[in-house]
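Please report on the structure shown below. Cover the ligand sites, the core and the overall fold.

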Amino acid sequence: MGAGKSTVGKLLAKKLDRRFLDADHVIEERCGVKIPIIFEMEGEAGFRKREAQVINELTNEQDLILATGGGAVLFPENRRLLSERGTVIYLHANPTELWHRTKGSEGRPLLKNGDPKKILENLYTIRDPLYREIADYVIETGKPSVNQLVHILITQLELSA
Ligand SMILES: Nc1ncnc2c1ncn2[C@@H]1O[C@H](COP(=O)(O)OP(=O)(O)O)[C@@H](O)[C@H]1O
Ligand SMILES: O=C(O)C1=C[C@@H](OP(=O)(O)O)[C@@H](O)[C@H](O)C1
Ligand SMILES: [Mg+2]
């Protein structure tokens, strides 16, 4: 959460003239309510089921840039689908950066049950190895701006094309 998947993904797609979808937005559209309401009504487990369904469907699409939600890597099946069907970019940021970027934002229910900085540190410890397991590229996002990241990504993708 806060690494820049939604923001950088959208801009990257625009620059590359590709279709962009954000898994969280797809889930919200399908449910007709925002993510915090889904968590309230169905719990995290209900949200994860919907997320897994969307990842299964959207990883079948060609030429799509997909921003996942931060917890999508938790399910082994999601990791398998992302890894086998796509090119996976891990936008890396340390927990302090993630905290700064998510501070005050609404819509991230997992950060509401306690000290957000501690929660982000715990999630980072669990998730960082999972992202690294499937990442084709690990991109450091601490210093570059969003626009610089798009440039870095395009260069990386062109270099390995
Ligand atoms: N490289 C960056 N430098 C500074 N701010 C960033 C960077 N990447 C993202 N942000 C900001 O951090 C916030 C969270 O970004 P977002 O795209 O929603 O992250 P994610 O989808 O990974 O949770 C947004 O306000 C965004 O503008
Ligand atoms: O990290 C997580 O478990 C989540 C991240 C969110 O997406 P972002 O990573 O885009 O904030 C969203 O999917 C949901 O609130 C759960
Ligand atoms: Mg997002």
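Is Ser6 buried, exposed or partly exposed? Ser6 counts as partly exposed because it has 17 C-beta neighbours inside 10 Å. The scale runs as follows: buried means 20 or more other C-beta atoms within 10 Å of the residue's own, exposed means 12 or fewer, and partly exposed lies in between, with C-beta atoms placed from the backbone.

This is a predicted model, where local features need pLDDT of at least 70, side-chain atom pairs count only at pLDDT 80 or more, and totals for chains, interfaces and linings use all residues. Residues are numbered from 1 along each chain as its sequence is written, while chains are lettered from A and ligands numbered from 1 in the order in which they are written.

**Ser6.** Ser6 sits in helix H1. Helices (H or I, at least four residues) and strands (E, at least two) are DSSP runs, numbered from the N terminus. UniProt lists Ser6 under "binding site", in an unreviewed entry; such annotations may be inferred rather than shown by experiment. Beyond its neighbours within four places in sequence, Ser6 is in contact (C-beta atoms, placed from the backbone, within 7 Å) with Asp22 and Ala67.

**Ligand sites.** A residue belongs to a shell if its C-beta atom, placed from the backbone, lies within 6 Å of the ligand. Around ligand 1 there are 16 residues, and Gly4, Lys5, Ser6, Thr7 and Arg101 come nearest. H1 gives the largest share of this shell, 4 residues. Helices H1 (5-16) and H7 (146-159) each supply at least two. The shell of ligand 2 includes Lys5, Ser6, Gly69, Gly70, Gly71 and Arg108.

| Shell | Nonpolar | Polar | Charged |
|---|---|---|---|
| Ligand 1 | 7 residues | 7 residues | 2 residues |
| Ligand 2 | 4 residues | 4 residues | 3 residues |

Here Ala, Val, Leu, Ile, Met, Phe, Trp, Tyr, Cys and Pro count as nonpolar, Asp, Glu, Lys and Arg as charged, and the others, Gly among them, as polar.

**Core.** The largest nonpolar core (buried Ala, Val, Leu, Ile, Met, Phe, Trp, Tyr and Cys joined through C-beta atoms within 7 Å) has 27 residues. Ala23, Ile55, Leu91 and Leu98 have the most contacts inside it. Elements giving two or more residues to this core include H1, helix H3 (35-58) and strand S2 (64-67). Contacts of Ala23 include Ile55, Leu66 and Ala67.

**Fold.** The protein chain has 7 helices and 4 strands. Its radius of gyration, taken over C-alpha atoms, is 15 Å, close to the 15 Å from the globule rule (2.2 Å times the number of residues to the power 0.38) for 161 residues, so the chain is as compact as a globular protein of that length. Of the 161 residues, 27% count as buried.

How values were computed: Contact = placed C-beta atoms within 7 Å.
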